[in-house]
Every structure is written in structure tokens, then in C-alpha cells.
Amino acid sequence: MSLAPLFSTYNEQGREDYYLMYIIEGRLTFDLFGSTEVGCAGDFIIFPPGYKYKYSNKDGGVSYYFAHFTGSYAEELLTSLGLSDMPSLK
């Protein structure tokens, strides 16, 4: 997904599903647990259901892929892959 040069997204209630973002170009700034982290091309993040998320692009153009998913084994699968410390940039 290519976006306008500057934007900010804030979802105070989170989503009902998992939200995976993979940055392919540019940078995104995330507010994670009260600290600010910057994701660059090649980084990904997964927001768990119900997680309040906030991210923005302050540097200009950015492109990323995203997917939303659920399932009775989603949490178990993510844990088996070492991704239970959500959300965190990888």
C-alpha cells in the first residue's frame, strides 16, 4: 500500500483480528508501550486483537503490505514461531 507523504493512524480500540504490517519502503514511527520505535524497510510488526495502536509517517513516502487474520490456532501458531511478544518490530 502506498500512502500520501505524511499521515498518522490511531485506533484507540484496536481491531478484533491480528494486524500484520510489513514495510517495503520508507519508515513508520510506532508508539509501543509508551515508547517510540521506528520501523524501516524489511521490518514487520503484528498487533494482537484489542491492542490500541498508533503509527505515523513523518518522513515522506512509505509503502507496506498488510494482512488481517484470525483463527482458533492463530495465537498458538504465532507463539510457535517466536512471535508471542506482540507487538514488537522484527
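Which residues does Phe-44 touch, not counting residues up to four places away in sequence? The points below take up this matter after an overview of the chain.

1. Status and architecture. The model is predicted. The protein chain holds one helix and seven strands, and from the N terminus on the elements follow the order β-β-β-β-β-β-β-α. The helix, helix 1, spans 74-80 and is followed by a segment that includes Ser-88.

2. Overall dimensions. The radius of gyration of the protein chain is 13 Å, which agrees with the value near 12 Å for a compact globule of 90 residues. Along the principal axes, the C-alpha atoms fill a box of roughly 40 × 25 × 20 Å.

3. Burial and surface. Of the 90 residues in the protein chain, 37% are buried. The accessible surface amounts to about 5400 Å², and carbon and sulfur atoms account for 52% of that surface.

4. Contact range and charge. When contacts between residues at least 6 apart in sequence are considered, 74% of them join residues at least 24 apart. The protein chain carries 6 positive and 11 negative charges, and the mean positions of these two sets are 7 Å apart.

5. Phe-44. This residue belongs to strand 5. Its relative accessible area is 24%, so Phe-44 is classed as partly exposed, the cut-off for buried being under 20%. In reply to the opening question, and with residues up to four places away in sequence left aside, Phe-44 touches Leu-20, Met-21 and Tyr-22, as well as Leu-83, Ser-88, Leu-89 and Lys-90. Tyr-64 is 20 residues from Phe-44 in sequence, and the two C-alpha atoms are 9.2 Å apart in space.

6. Asp-43. The loop between strand 4 (35-40) and strand 5 contains Asp-43. A polar atom of the Asp-43 side chain lies 2.8 Å from the backbone nitrogen of Cys-40. Beyond four places in sequence, Asp-43 touches Met-21, Tyr-22, Ile-23, Val-38, Leu-89 and Lys-90. Between Asp-43 and Leu-28, 15 residues apart in sequence, the C-alpha to C-alpha distance is 9.8 Å. Met-21, Tyr-22, Leu-89 and Lys-90 are among the residues touched by Asp-43, and these four are also among those touched by Phe-44.

7. Ser-88. Is Ser-88 buried or exposed? Ser-88 counts as buried because its relative accessibility is 17%, with the limit set at under 20%. Not counting residues up to four places away in sequence, Ser-88 touches Leu-32, Phe-44 and Ile-45. Two polar partners of the Ser-88 side chain may be noted. The backbone oxygen of Asp-85 is 3.4 Å from a polar atom of that side chain, and the side chain of Lys-90 makes a polar contact with the side chain of Ser-88 at 3.3 Å. Phe-30 lies 58 residues from Ser-88 in sequence, yet their C-alpha atoms are 9.5 Å apart in space.

8. The Met-86 to Pro-87 peptide. Met-86 and Pro-87 are joined by a cis peptide bond, with omega about -15°. Pro-87 is located in the segment after helix 1, where Ser-88 is also found. A reviewer may wish to view this bond together with the polar contacts of Ser-88 described above.

9. Lys-52. The position of Lys-52 is in the loop between strand 5 (44-47) and strand 6 (53-57). With 45% relative accessibility, Lys-52 is counted as partly exposed, since exposed requires over 50%. Setting aside residues up to four places away in sequence, Lys-52 touches Tyr-10, Asn-11, Glu-12 and Gly-14. The C-alpha atoms of Lys-52 and Leu-32 are separated by 9.3 Å, with the two positions 20 residues apart along the chain numbering.

Methods:
Residues are numbered from 1 along each chain as its sequence is written. This is a predicted model: local features need pLDDT of at least 70, side-chain atom pairs count only at pLDDT 80 or more; totals for chains, interfaces and linings use all residues. Side-chain values use heavy atoms; hydrogens and water are left out. Helices (H or I, at least four residues) and strands (E, at least two) are DSSP runs, numbered from the N terminus. Buried means under 20% relative accessible area, exposed over 50%, partly exposed in between (1.4 Å probe, protein chains only). Contact means heavy atoms within 4.5 Å. A polar contact is a pair of N or O atoms within 3.5 Å; within protein, one must be able to donate a hydrogen and the other to accept it, and residues adjacent in sequence count only if both atoms are side-chain atoms. The radius of gyration is taken over C-alpha atoms; the globule rule is 2.2 Å times the number of residues to the power 0.38. Accessible areas come from the Shrake-Rupley method with a 1.4 Å probe; for residues, only the protein chains shown count as cover. Lys and Arg count as positive and Asp and Glu as negative; His and the chain ends are not counted. The place of a charge is taken as NZ of Lys, CZ of Arg, CG of Asp or CD of Glu.
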